[in-house]
Amino acid sequence: MQPLLEVDHLVKSFTLHLIDGRTITPVRDVNLTVHAGEHLLIYGRSGMGKTSILKCIYRTYIPDAGHIWFSSEQFGRIDLRLAADDVILHLREREIGFCSQFLRVLPRVSALDTICEPLYRQGMDRATARHIGQEWLERLGIARSLWPASPVTFSGGEQQRINLGRAFIARPRLLLLDEPTASLDEGTKRIVIEMIQAAQHDGTAIISVSHDLAGLGAYADRKWTFNE
Ligand SMILES: Nc1ncnc2c1ncn2[C@@H]1O[C@H](COP(=O)(O)OP(=O)(O)OP(=O)(O)O)[C@@H](O)[C@H]1O
């Protein structure tokens, strides 16, 4: 079976303009694959380039070299490195999700609308989206009293749960998760692991970045790290 995603000789460097103009290349000839329904966990020392790999796949960063082959439902097999911006936007709405370590939210938008936002963008009517959003807030253990409030004032763990909910609710075919269990207590971590397993069961491919090899790592199908 062809992989859903194939990262082929990926290179990403950064020029440190604010220091001395030096160039660093944390992502150096990276090769990895993930199949539908599979969970690949990326681990390694801090600053090695794990998040940068996810950001290249999501095209937040434009890679310097290599290919990122994605088998899209809409566009067929395409190279995410070279795809047009409107193609990338469509894929982000429908096929590829990214949950960063940090929640960025608009003030004055409720937790419910924040979690529903990916469904609104897909064109779902607000009543249906809100029904689904409430189910996710419930599942994530967010107290009902917080649903009308803006997540700006939420605790780190509550914000992380909203962030994860936003990524899962859109049911992407590929889900990129940056430290998904980092600021969560054991009970919530368990819920997130179950969400990952349920998504895999539906055919979603997961790439997670995590230092939690004993926890999350025990549930990954494969693990990948850098050649040092
Ligand atoms: N936009 C950027 N501009 C300049 N340097 C960057 C940028 N993004 C990442 N870097 C640098 O690239 C290196 C890799 O960063 P990255 O965040 O990918 O590491 P990481 O392995 O995910 O680290 P951690 O485990 O601490 O989250 C770091 O030295 C970082 O400072």
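Colleague: Which ligand atom does a backbone N or O atom of M48 lie 3.1 Å from?

Modeller: This is a predicted model, where local features need pLDDT of at least 70, side-chain atom pairs count only at pLDDT 80 or more, and totals for chains, interfaces and linings use all residues. Residues are numbered from 1 along each chain as its sequence is written, and side-chain values use heavy atoms, leaving out hydrogens and water. For polar contacts with the ligand, the cut-off is a pair of N or O atoms within 3.5 Å. At 3.1 Å, the partner of the M48 backbone atom is an oxygen atom of the ligand.

Colleague: Thanks! How far is an oxygen atom of the ligand from an N or O atom in the side chain of K50?

Modeller: Happy to help. S46 also takes part, with a polar side-chain atom 2.5 Å from a ligand oxygen atom. For the side chain of K50, the N or O atom is at 2.7 Å.

Colleague: And how much of the ligand's accessible area does the protein cover?

Modeller: Areas here come from the Shrake-Rupley method with a 1.4 Å probe. On its own the ligand has 640 Å² of accessible area, and the protein's share of cover is 65%.

Colleague: Which element gives the largest share of the shell around the ligand?

Modeller: Helices are DSSP runs of H or I with at least four residues, and strands are E runs of at least two. Strand 1 (5-16), strand 2 (22-34) and helix 1 (50-58) each supply at least two shell residues. The largest share, three residues, belongs to helix 1.

Notes: Polar contact = N/O pair within 3.5 Å; in protein donor to acceptor, adjacent residues only side chain to side chain.
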